[in-house]
Amino acid sequence: MSDFVMDIWYFAGISKDVKPGEMHRIEIAGEPINLGRSKSGEVFAMRDICPHWSAPLSKGRIVDGTVECPYHGWRFGTSDGTCKAIPALCSEDKTDTQKIRVRTYPIREVGALIWVFLSKDKKGEDPKVDPPSIPFAKNKPIIDDIFMLDCPMDQAVIGLMDPAHGPFVHQNKWWRTQGSMHDKAKKFEPRPLGFAMAAHSPSSNSFAYKLLGGKPTTEITFYLPGARTEEIKVGKRTILSLTIVSPVDDERTTIRQLFFTDMLKFKMILPLARSGARKFLRQDRDIMALQKMGLKYNPKQMYVGDADAQARWYFVIKKEWAKSRAEGREFVNPVKPQTLRYRS
Ligand code: FES
Ligand SMILES: [Fe+2]
């Protein structure tokens, strides 16, 4: 049974994915969405199923502020989804086209990121919350990697935030090995709709950081439903790595990793960083594909000790979010400031 987080902003893509006058079909949480951009530059999102005979509107075209269906040419306003024209009707026909509507979704483009609000209530609802605030993600990313994970959203999220698999899944001469495992104590704090590992100097076994020079600090933040940012600061410069997982359906999840930086030095090691990041993420993909061998039997899972605390937090935050929306009250973050101790 689907158990997606609802009444929340889902990541739908980055600005350069949709050029003016273009439309693309994406699927989030089982919803087929026509993500488009008008010729004047505004993004829009509507259900990618024509209310007439179900053709995908994303395969039509944009004309005069409407989307024209490729099958019989019905036109729907990009902002409210109401039907503006049914070309096959004669002028004396009494059909009130205004009563026909395709679902539209609230959409926001903030910096380089596009967010679509998915609500439980299909009539659409005014989002009372804002999308995650990630101000540094405003220009073109210098690394952009996207692929499909063959695993459900929940497993993708807890895998993304999991500190314990590094020495096993990401064993690597230049990154870390099982031999380099050691005790760690990391401070965590609640954040709006998530939590953060407070800014700290990264562990000494992370050789890649040494390449950056200077004394870096890094802060890792999680935002419901599935975004993780790692912001590394060296002096006045920043490297932001943003990894976002989005559920396609119950079985598949997309993962996108974006890097933004104003650090020239980082641009010099870009090919190295790019191939390192790609490799890293594919190691995650491969272990999740293996994990599926177990998941298909629907087993219970164990969340043990501080190492699995973030996985537990994800599930309680998700639950509290659904509960607070159902009860029409403020979300109360169940995560309290604390130090987690684990080995990795
Ligand atoms: S299916 Fe879209 S106009 Fe007929
Ligand atoms: Fe990983």
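## A three-stranded sheet

Val110 stands opposite Leu113 in β10. The structure is a predicted model, and this pair belongs to the contact between β9 and strand β10 (residues 113-118), which pair in the antiparallel sense over four bridges. The two strands are part of an open sheet of three strands, ordered β1-β10-β9, with antiparallel pairing. β1 (8-14) and β9 (107-110) are the edge strands; each has a single partner strand, so one side of each has no neighbour in the sheet. From one strand to the next the twist averages 30°.

## Strands around β17

β17 (253-261) is mostly covered, with eight of its nine residues buried. β17 pairs with β16 in the antiparallel sense over nine bridges, and the two strands form a hairpin with five residues between them. β11 also runs antiparallel to β17, joined to it by seven bridges.

Thr254 of β17 appears in both pairings. Met148 has Thr254 as its bridge partner, and Ser246 stands opposite Thr254 as well.

## Helices α1 and α5

Nine of the nine residues of α1 are buried, so this helix is largely enclosed by the rest of the structure. Among them are Met153, Asp154, Gln155 and Met161.

Helix α5 covers residues 270-295; at 1.5 Å a residue its 26 residues should span 38 Å, and the 36 Å between its end C-alpha atoms agrees with this. The buried residues of α5 include Leu270, Gly276, Arg282, Asp284 and Leu295. What covers the buried residues of α5 includes the helices α1 (153-161), α2 (166-169) and α4 (264-268), together with the strands β11 (143-149), β16 (237-247) and β17.

## The iron site

Which residues supply the protein donors of the iron ion (ligand 2)? They are His165 and His170, each through NE2, and Asp284, which is listed with two OD donors; the donors lie 2.0 to 2.8 Å from the ion. Along the chain the donors follow the spacing H-x4-H-x113-D. His170 is in the loop between α2 and β12 (183-191) while Asp284 is in helix α5, so this pair ties together parts that are 114 residues apart in sequence. Both His170 and Asp284 are buried.

How is the arrangement of the four donor atoms around the iron ion (ligand 2) classed? The angles they subtend run from 52 to 146°, which makes the arrangement irregular. Four donors would count as tetrahedral if all angles lay between 85 and 135 degrees. For comparison, the ideal angle for four tetrahedral donors is 109.5 degrees.

## Backbone exceptions

Most residues other than glycine have a negative phi, and most peptide bonds are trans. Some places in this model depart from that pattern. The peptide bond from Leu224 to Pro225 is cis, with omega near 5°. Pro225 is in the loop between β14 (216-223) and β15 (227-234).

Ser54, a residue other than glycine, has a positive phi near 70° and sits in the loop between β4 (43-47) and β5 (61-63). Leu193 is not a glycine either, and its phi is positive at about 55°; Leu193 lies in the loop between β12 and β13 (194-200). Is each of these residues buried or exposed? Ser54 has 48% relative accessibility and therefore counts as partly exposed, whereas Leu193, with a relative accessible area of 16%, is buried.

How values were computed: Residues are numbered from 1 along each chain as its sequence is written. Chains are lettered from A and ligands numbered from 1 in the order in which they are written. This is a predicted model: local features need pLDDT of at least 70, side-chain atom pairs count only at pLDDT 80 or more; totals for chains, interfaces and linings use all residues. Side-chain values use heavy atoms; hydrogens and water are left out. The expected span of a helix is 1.5 Å times one less than its number of residues. Buried means under 20% relative accessible area, exposed over 50%, partly exposed in between (1.4 Å probe, protein chains only). Contact means heavy atoms within 4.5 Å. Donors are N, O and S atoms within 2.8 Å of the metal (3.2 Å for Na, K and Ca); water is not among the atoms, so sites may look incomplete. Four donors count as tetrahedral if all angles lie between 85 and 135 degrees; four count as square planar and six as octahedral if opposite donors are over 155 degrees apart and all others between 65 and 115; anything else is irregular. Two strands pair if DSSP finds at least two bridges between them. Axes are lines fitted to C-alpha atoms, for helices over the stretch in contact, and angles run from 0 to 180 degrees between N-to-C directions.
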